[in-house]
Amino acid sequence: MPDFDFALGENAEMIRDTTARFAADRIAPLAAEIDAKDWFPRDLWPEMGALGLHGVTVEEADGGLGLGYLEHVVAQEEVARASASIGLSYGAHSNLCVNQIRRWATPEQKARYLPKLISGEHVGSLAMSEAGAGSDVVSMKLRAEKRGDRYILNGTKFWITNAPYADTLVVYAKTGEGARGITAFLIEKGFKGFSIGQKIDKVGMRGSPTAELVFDDCEVPEDNVMGPLNGGVGVLMSGLDYERAVLSGIQLGIMQACLDVVLPYVRERRQFGQPIGAFQLMQAKVADMYVALNSARAYVYAVAQACDRGKTTRFDAAGAILLASENAMKVALEAVQALGGAGYTKDWPVERYMRDAKLLDIGAGTNEIRRMLIGRELIGA
């Protein structure tokens, strides 16, 4: 497929080439099995670490590549093109966990946690949501009480990506009352009183493990408070714009994967004595898919570049993932339709793309919340 040149720069193209080669060689051949078995291929993490993919936005002094969110989006896109579920786990690790530690941890905390996360020896995760606190995340119930030089955490988290395999988790808990009484903690899987609860069986993004976290008098050293005490909402909200920008890359990857299947298919599949791609209705379908992908790319790349300049807005970060998520769902549905009966079978990957695409209409904030945020910010309500 001919590519539109977005002129993203040498670093972004280098990351794209490196990630695309790795993803095609090591991730894509496993994608169907990952989905069928709901299997997380943990062995990929050190391989991705060796390429620098886990520390794209981390400063070189701390062991990262010292690049920006644009390069991170591009890496995210190419991983998700091969497997959206691995893309989701990669985003949760490299952005939601690693990038938040990079932005908010003390030098001592960075020295303790970043090396093994960046190398891929450890898997990272972030825990905000609870069974009763999703979009209204500040209503969380997980509580942390100070006892001597430790905090004792009691409660649960839910819908947590990478939870069953995570070695290091950024976890938000109540240390006071209201929105001003939340604190971020760095949790290790071996902490006393911390365990993994039920694993969640999802429709899509299978192979990206999701589970409950259980804190039963979990003991957390005071040194593991990340960011200001009772300032967790600021830590949380400040990361959402970057999270939305980077995770948008998953949907770009899904759309490209759809075109990777559909274009050869419509050239080769024959009906009424000619390739189905010769029919104008099919040409229009392919055109709509291509435009949906590149319009989303343009917005997502622009927002990522704004993040790198420190100029992004909350409503544009929400807008980028809103456009990418809805376009990806439309493109995936069109991919199934383009393949006809074949598209509705497990013999072709487009049904998986459709199931995977739906997640980001819901995850990382629902599209309803994104619309509310965008409208409220624009109106000034």
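# How the terms apply to this model

Q: Why is Ala 364 called partly exposed?
A: Ala 364 has a relative accessible area of 24%. Buried means under 20%, exposed over 50%, and partly exposed in between, with a 1.4 Å probe and protein chains only. The value of 24% falls in the middle class, so Ala 364 is partly exposed. This is a predicted model, in which local features need pLDDT of at least 70 and side-chain atom pairs count only at pLDDT 80 or more, while totals for chains, interfaces and linings use all residues. Residues are numbered from 1 along each chain as its sequence is written, and side-chain values use heavy atoms, with hydrogens and water left out.

Q: Where is Ala 364 placed, and what is notable about its phi?
A: Ala 364 sits in the loop between helix H11 (359-362) and helix H12 (367-379). Its phi is positive, about 60°, although Ala 364 is not a glycine. Helices (H or I, at least four residues) and strands (E, at least two) are DSSP runs, numbered from the N terminus.

Q: Which class of exposure does Trp 159 belong to, and why?
A: Trp 159 has 51% relative accessibility, and therefore counts as exposed. Trp 159 lies in strand E3 (residues 150-161). Trp 159 also has a positive phi, near 60°, and is a residue other than glycine.

Q: How do you know that the length of helix H1 agrees with its number of residues?
A: The expected span of a helix is 1.5 Å times one less than its number of residues. For the 18 residues of H1 (residues 10-27) this gives 26 Å, and the end C-alpha atoms are 24 Å apart, which agrees.

Q: Which residues of H1 are buried, and what makes them line one face of the helix?
A: The buried residues are Ala 12, Ile 15, Arg 16, Thr 19, Phe 22, Ala 23 and Ile 27. Seen down the axis of H1, they fall within an arc of 150°, so they line one face. The arc is that of the directions from the helix axis to the C-beta atoms. On the face turned away from this buried side are the exposed residues Glu 10, Arg 21 and Asp 25.

Q: What covers the buried residues of H1?
A: The cover includes helix H2 (31-37), helix H3 (44-50), helix H4 (69-82), helix H5 (84-104) and helix H8 (280-309).

Q: Why does His 54 count as buried or exposed?
A: His 54 has 1% relative accessibility, so it counts as buried. His 54 is in the loop between H3 and H4.

Q: What does His 54 touch, and what does its side chain reach?
A: Contact means heavy atoms within 4.5 Å. Leaving aside neighbours within four places in sequence, the contacts of His 54 include Trp 45, Met 48, Tyr 90, His 93, Leu 117 and Ser 119. The side chain of His 54 reaches the backbone oxygen of Trp 45 at 2.8 Å.

Q: Why does Ala 84 count as buried or exposed?
A: Ala 84 has 5% relative accessibility, and therefore counts as buried. Ala 84 is found in helix H5. Leaving aside neighbours within four places in sequence, Ala 84 is in contact with Met 205, Ile 250, Ile 254 and Asp 356.

Q: How far apart are Ala 84 and Asp 356 along the chain and in space?
A: Ala 84 and Asp 356 are 272 residues apart along the chain, and their C-alpha atoms are separated by 6.5 Å.

Q: What makes Thr 106 partly exposed, and where is Thr 106 found?
A: The relative accessible area of Thr 106 is 32%, so Thr 106 is partly exposed. Thr 106 is in the loop between H5 and helix H6 (107-119). Thr 106 and Asp 223 are 117 residues apart in sequence and 9.5 Å apart in space, C-alpha to C-alpha.

Q: How is the chain divided, and how many residues make the contact between domain 1 and domain 2?
A: The chain is divided into domain 1 (8-122), domain 2 (124-230) and domain 3 (232-377), with bounds from an automatic or database domain assignment. The centres of domain 1 and domain 2, taken over C-alpha atoms, are 22 Å apart. Their contact takes 25 residues from domain 1 and 25 residues from domain 2.

Notes. Polar contact = N/O pair within 3.5 Å; in protein donor to acceptor, adjacent residues only side chain to side chain.
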